2 protein chains.
Amino acid sequence: MDKLFLSKSSVLKSLLLVSSFLVALAVNVSTVEARIRHHKWELKYEYKSPDCFRKLVITVNGRSPGPTILAQKGDTIVVEVKNSLGTENAAIHWHGIRQIGTPWFDGTEGVTQCPILPGETFTYRFVVDRAGTYIYHAHYGMQREGGLYGSIRVALPDGESEPFAYDYDRSILLNDWYHKSTYEQAAGLSDKNFSWVGEPQSLLIQGRGKFNCFTVTDPNSLCDTSNPECSPYVLTVVPGKTYRLRLSSVTALSALSFQIEGHNMTVVEADGHYVEPFEVKSLFIYSGETYSVLIKADQDPSRNYWIQTDVVSRKPNTTSGSAILNYYPNHPRRPPPTPTPARPQWDDADSRLSQSLSIKARRGLGRPPPATSDRVILLLNTQNEADGYRRWSVNNVSFNHPHTPYLIALKHKLTGEFDQTPPPDGYDFKNFDIWVKQNNSNATTSSGIYRLKFSTTVDIILQNANTMNVNDSETHPWHLHGHDFWVLGYGLGKFDLFKDPKKYNLVDPIEKNTVPVHRYGWTALRFVADNPGAWAFHCHIESHFYMGMGVVFEEGIERVGKLPSSIMGCGASKGLGFP
Amino acid sequence: MDKLFLSKSSVLKSLLLVSSFLVALAVNVSTVEARIRHHKWELKYEYKSPDCFRKLVITVNGRSPGPTILAQKGDTIVVEVKNSLGTENAAIHWHGIRQIGTPWFDGTEGVTQCPILPGETFTYRFVVDRAGTYIYHAHYGMQREGGLYGSIRVALPDGESEPFAYDYDRSILLNDWYHKSTYEQAAGLSDKNFSWVGEPQSLLIQGRGKFNCFTVTDPNSLCDTSNPECSPYVLTVVPGKTYRLRLSSVTALSALSFQIEGHNMTVVEADGHYVEPFEVKSLFIYSGETYSVLIKADQDPSRNYWIQTDVVSRKPNTTSGSAILNYYPNHPRRPPPTPTPARPQWDDADSRLSQSLSIKARRGLGRPPPATSDRVILLLNTQNEADGYRRWSVNNVSFNHPHTPYLIALKHKLTGEFDQTPPPDGYDFKNFDIWVKQNNSNATTSSGIYRLKFSTTVDIILQNANTMNVNDSETHPWHLHGHDFWVLGYGLGKFDLFKDPKKYNLVDPIEKNTVPVHRYGWTALRFVADNPGAWAFHCHIESHFYMGMGVVFEEGIERVGKLPSSIMGCGASKGLGFP
């Protein structure tokens, strides 16, 4: 059971008890409506059949996806996580929550905390300081795709209203799904005899998919299409009403399209920021992104409609994920009378770039970016080999995080715990040919990080390239912890440091925390390094980050308060934080 | 690679560096031959095909079984264990090594140490103070059957000789093997909708078995009987020579028979103690036991012979495990011209009890037990339900170990970390009917332990009973950490506290660390509680211990030296042991 306690009065009591959260709570106390939202979660391995194929899944209180966290802006979320995974540790990241003042509760193993050991309970406590659509998921090894994920929905305070109207609010999580265990996948990726995870077995809409069990030839494998656990997700709508759908993708690998047969969608929010509304038939959504779209139930109410998600950007080898848009009072299980909708062309890169370019801050509600930046960091994304292992690299450095979390090592000046040489700020962008098959057998691995001067403005250019296969470039969704960034521009081909910045959108760029870098393209971002802590920035494709596609930023470490002892206990942090 | 460094001179240097090992090393320094045997191990998940079926296996330096530890009596073994298991912790138990003076290096998660976290290196350091045959294996969750196990062979000091003659010395590990992951097995056992692990898929001799791949119908599963990883183990012998075979069983479940076609075996050692020699055609060996047998290569040298192991005591659903006794110079892969030997009758309980009774201390070399005991503890073994879960219990208490290791909780007086009420010293042995199907839905779970007065003599009576199925009683091999015990007697039926002790063998009882409790029978043990520490005593069937079939003894905790900080970091031990 997900126990949720609301208590306004207990805020003051907690103030006396939990001294290390004084700052965060003080903010709450000043907001009349701020509440403490208290959850008790237990993580377990349980057999589930999300796509009709029975396998071990990491559950939260018996469920995958886990319970949805509902809150209002300014609330404090408290989640007591009990790890009952047997012999395996855990950590949970609150994706999109900037953790201002609580960098130690970002939930990123190796960056902001030691993992939670089996048998132990770790308490996350943080303020949700902005309304919007967020997610949570495991941030340790490849546990996210093991099933540990869920939705966070932060509403405006009472009395405030969104700049768009709707009658009902629904959260829908999209995911891809693999039948191999995360252990099997990780072992293949980290073997010298490299074995790729391959395309997913199915796509899940709100945790439900449909694998074709007839392709399973092993009679011992329990695949049963009549299992109620894999009956399709049903979104019931009342004719004439408008629905806000909060769509989030936590895919391990896949870029997705999402469509609702016969219904256009109006995009109004992205990663917690208001979007100047635009209509789409199909929404492209990358792993780590969240969107709100509005749909109106204004079609023939005598029938149901297909909700469908498909793999794009990679040649699909996975059937569409399907759910039902159910017009009340039709029976929710009544199949739509029409065939499932056509998939978008998986290799239609233009449409995807076009959608990226369409996402602008809502007029009058966007926060303008600083006009100039203090530092520009060019990050070349390449597939590589390093020491004979297949890796992904940034500026030819493949990230290898240490086991004393950076936040602790930095705060306690444990300089021996990671490579003190920062990775390079750029690469030979004049001469590097992004179009040819790379023969990158020469990457280095490093645990070095980027140290940012506090409160400075930083531009990041993510440059894509050809992989180690001919005519192949992949889409990478990059996610920044602890911040939002302004998306200043996208381009195809090689970024030109002298020409392209002149075309940056400084008028109405959207703020986001996750952004795609398109095939053979570049993406330019700007953010202000004003959140003291250590923050991961990485490709949200789980196997890519596992293979080294990420960096870490440090800023204002001297301003970080006393670290809670609960995040310690591993590596050189054994015994730190204890009297 | 298993890096082995021998260094006599470094002993003194280490003395200066590692103050906490002063006592142990001082013993070594006084022994001229004592060496430090230094090993560097890395634990990883890798795909292996031990029985031709490819699955993830926990390897030590790329191998399963791991490297054999070779040492001489009095040597100090140093093993630096690097955990590269991704998201999973580890701990390694040195089975049969009493850890005198180093109770913190017994390697039992939750009892003597916190687990080793991924990315960390833990250094075990202990003295092997007695020649003999021992094993090491994981002691965390169900990792042992994941493949983490190996042999320890301790020779006599130079110049000393065994009370029997042989030309060559060989270690052979026996195991049963499952295709499901330990996660899948553990999830089934700890589900309210209980799912038993079932009989093993194959039996391994020195890590090699042969699963019948033709029964695998899933074309995606990689089962290949021609894989060299599962070619049978070959023991090459020179005609006329005598071989000492050190046989150890680390099975997850199975009691085994072991035979060599056409060759009788003379039993000469059990669990590191000399046995009054006796001959067997088939040796019965239970999980956690080790034996040395002598065989003479005195048969027709023009052919090879079968080595065979079979499941006994449970109705077998597993084919025999086979290996080759290869008479030099026949080709090692040449199959014996005869069919594989007949299996012993699996349900021939008399022969097994008879073998147990035959194992006596070697005349003149056995250490006599104290004539009387200070305390008698009766331990009734039953299958139970507790809170709706299927469990195993001792005196109706199912063991549930805490996540702050007992050794740390006891030494640092963290009384809140486990149940301070000890489990009962007995049960209603007069009225309890061991012969009927039990309807034990009423067990309690507890983390309570037995506190033993230091240096007292303790008798333990292990009493077996019917399970929750009609006409069913299982054989349980009980293993004691930190001690050897004298085996005073075995009996069938109900132990009689007034009559049976009069029949105890106080003349030449064998000392062991693992002993079977036969179906519907009892086994009586005596040991002296003179090794300060906290010690597990449990059924060595991995799923039975997982389901609560164990207890913990404490003795002389006040005499335990300063605990190394490396064993801490979990539960209430976070920060303990640090300045």
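**Exercise 1. Determine the handedness of the disulfide between B:Cys114 and B:Cys570, and describe where its two cysteines lie.**

Solution. In this predicted model, the torsion about the S-S bond of B:Cys114 and B:Cys570 is -80°, and the link is left-handed. Next, consider the location of each partner. B:Cys114 belongs to the loop between β6 (92-95) and β7 (121-127) of chain B, while B:Cys570 belongs to the segment after β33 (550-555) of that chain. The disulfide thus links distant parts of the chain, 456 residues apart. The bond itself has an S to S distance of 2.0 Å. Finally, both B:Cys114 and B:Cys570 are buried.

**Exercise 2. Establish which parts of chain A are tied together by the disulfide of A:Cys52 and A:Cys230.**

Solution. Begin with the bond: the sulfur atoms of A:Cys52 and A:Cys230 are 2.0 Å apart, which satisfies the cut-off of 2.5 Å for a disulfide. The torsion about this S-S bond is 100°, and the link is right-handed. Then place the partners. A:Cys52 is in the loop between β2 (36-48) and β3 (55-60), and A:Cys230 is in the loop between β11 (202-205) and β12 (234-237), so the pair ties together parts of chain A that are 178 residues apart in sequence. As a last step, examine accessibility, where a value under 20% counts as buried. A:Cys52 has 1% relative accessibility and is buried; A:Cys230, also with a value of 1%, is buried.

**Exercise 3. Describe the disulfide formed by B:Cys52 and B:Cys230 in chain B.**

Solution. The sulfur atoms of B:Cys52 and B:Cys230 lie 2.0 Å apart. B:Cys52 is found in the loop between β2 (36-48) and β3 (55-60) of chain B, and B:Cys230 in the loop between β11 (202-205) and β12 (234-237), 178 residues apart. Because the torsion about the S-S bond of B:Cys52 and B:Cys230 is about 105°, this disulfide is right-handed. Both B:Cys52 and B:Cys230 are buried.

**Exercise 4. State how many disulfides there are over all chains, and give the pairing of the bonded cysteines of chain A.**

Solution. The count over all chains is 6 disulfides. For chain A, number the bonded cysteines in sequence order; the pairing then reads 1-5, 2-6, 3-4.

**Exercise 5. Explain why helix α3 of chain A is described as largely enclosed, and identify what its buried residues pack against.**

Solution. Helix α3 of chain A covers residues 182-189; 7 of its 8 residues are buried, so the helix is largely enclosed by the rest of the structure. Among these buried residues are A:Thr182, A:Tyr183, A:Gln185 and A:Leu189. Within chain A, the buried residues of α3 pack against β2, β22 (389-394) and α6 (542-546). They also pack against elements of chain B, namely β2, β3 and α3 (182-189).

**Exercise 6. Identify the nonpolar surface patch that contains A:Val238, and state whether A:Val238 is buried, partly exposed or exposed.**

Solution. The patch consists of A:Tyr168, A:Val238 and A:Tyr328, which together have about 280 Å² of accessible area. A:Val238 is located in the loop between β12 and β13 (242-249) of chain A. With a relative accessible area of 32%, A:Val238 is partly exposed.

**Exercise 7. Compare the annotated spans 44-155 and 427-556 of chain A by strand content.**

Solution. The unreviewed UniProt entry lists residues 44-155, 171-329 and 427-556 of chain A as "domain: Plastocyanin-like". Residues 44-155 are 44% strand and 0% helix, and their end C-alpha atoms lie 30 Å apart. For residues 427-556, the values are 41% strand and 4% helix, with 26 Å between the end C-alpha atoms.

Conventions:
Residues are numbered from 1 along each chain as its sequence is written. Chains are lettered from A and ligands numbered from 1 in the order in which they are written. This is a predicted model: local features need pLDDT of at least 70, side-chain atom pairs count only at pLDDT 80 or more; totals for chains, interfaces and linings use all residues. Side-chain values use heavy atoms; hydrogens and water are left out. UniProt positions are given in the numbering used here, feature names are shortened, and annotations may be inferred rather than shown by experiment. Helices (H or I, at least four residues) and strands (E, at least two) are DSSP runs, numbered from the N terminus. Buried means under 20% relative accessible area, exposed over 50%, partly exposed in between (1.4 Å probe, protein chains only). Patches are made of residues with over 30% relative accessible area and no salt bridge: like charges are joined within 9 Å, nonpolar side chains (Val, Leu, Ile, Met, Phe, Trp, Tyr) within 5 Å. Accessible areas come from the Shrake-Rupley method with a 1.4 Å probe; for residues, only the protein chains shown count as cover. A salt bridge is a side-chain nitrogen of Lys or Arg within 4 Å of a carboxyl oxygen of Asp or Glu. Contact means heavy atoms within 4.5 Å.
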